[in-house]
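Me: I am new to this structure. Please pick one part of it and look at it closely. Then work outwards to the parts around it.

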Amino acid sequence: MFSRELSIRTTRRTEMIDVTTQVSDAIRESGMDEGLCVVYVPHTTAGIMINEGADPAVARDIADRLEALVPWSAGYAHLEGNAAAHIKSCMVGSSVTVAVREGRMALGTWQSIFFCEFDGPRSRRLQVHLIEG
Ligand code: ZN
């Protein structure tokens, strides 16, 4: 298995960052032609999602709606004060899997991969694991 760790510097508390190009670059560097690409976020207050990248307003709408559903302050038990970020991380998920065909991710025309920051700004890591087959 080929693995690569990408570094991401986020600049706001909530931020959706299109990482499709970085993931594609990692696949190209690996030389893998056919297989699976697993993109994994090793954090409890961030996530990863696949959604529309053509119109940046879509990712903004998703972030805004998550904020409305899970407000920052709402009498949570978690003493660190970032319970909302943990909850949003659960809702979005910690990994996505995309098939790789002929060296390229088999994403739909409008799809992009977004790193979802919910408790920034921070330095974050993003793992790309490639399983050939
Ligand atoms: Zn916490």
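Reply: Start with glycine 133, in the segment after strand E8. Keep in mind that this is a predicted model. Is glycine 133 buried or exposed? Glycine 133 counts as exposed, because its relative accessibility is 77% and the cut-off for exposed is over 50%. Which residues does glycine 133 touch, beyond its neighbours within four places in sequence? Glycine 133 is in contact with Glu34 and Gly35. Gly35 belongs to strand E3, which runs 35-40. Alanine 54 is 79 residues from glycine 133 in sequence. In space, the two C-alpha atoms are 30 Å apart.

Now step back into strand E8, which spans 123-132. Arginine 124 sits in this strand. Arginine 124 is buried, at 4% relative accessible area. What does its side chain hold on to? One polar contact, of 2.9 Å, links it to the side chain of threonine 45. Another, of 3.4 Å, links it to the side chain of histidine 43. Other residues also touch arginine 124, leaving aside those within four places in sequence. Among them are Leu6, Ser7, Ile8 and Thr10. Phe115, Glu117 and Asp119 are contacts too, and so is Ala46.

Strand E8 also feeds the largest nonpolar core. That core has 22 residues. Val19, Val23, Ile113 and Leu126 touch the most other members. At least two residues each come from strands E1, E3, E4, E5, E7 and E8, and from helix H1. In soluble globular proteins, nonpolar side chains tend to be buried together. Take valine 23, in helix H1 (20-30). Setting aside residues up to four places away in sequence, valine 23 touches Leu6, Cys37, Val39, Met105, Ile113 and Val128. Leu6 is a contact of arginine 124 as well.

Apart from the largest core lies another, of 13 residues. Val70, Ala85, Val92 and Cys116 are among its members. Cysteine 116 is buried, at 0% relative accessible area. Cysteine 90 is exposed, at 68%.

How many disulfides does the structure hold? The count is zero. Why do cysteine 90 and cysteine 116 not pair? The closest cysteine sulfur to that of cysteine 90 is in cysteine 116, 13 Å away, so the gap is too far for a bond. From cysteine 116, the closest cysteine sulfur is the one in cysteine 90, at 13 Å. A disulfide needs the sulfur atoms within 2.5 Å.

How values were computed:
Residues are numbered from 1 along each chain as its sequence is written. This is a predicted model: local features need pLDDT of at least 70, side-chain atom pairs count only at pLDDT 80 or more; totals for chains, interfaces and linings use all residues. Side-chain values use heavy atoms; hydrogens and water are left out. A nonpolar core is a set of buried Ala, Val, Leu, Ile, Met, Phe, Trp, Tyr and Cys residues joined through side-chain atoms within 4.5 Å. Buried means under 20% relative accessible area, exposed over 50%, partly exposed in between (1.4 Å probe, protein chains only). Helices (H or I, at least four residues) and strands (E, at least two) are DSSP runs, numbered from the N terminus. Contact means heavy atoms within 4.5 Å. A polar contact is a pair of N or O atoms within 3.5 Å; within protein, one must be able to donate a hydrogen and the other to accept it, and residues adjacent in sequence count only if both atoms are side-chain atoms.
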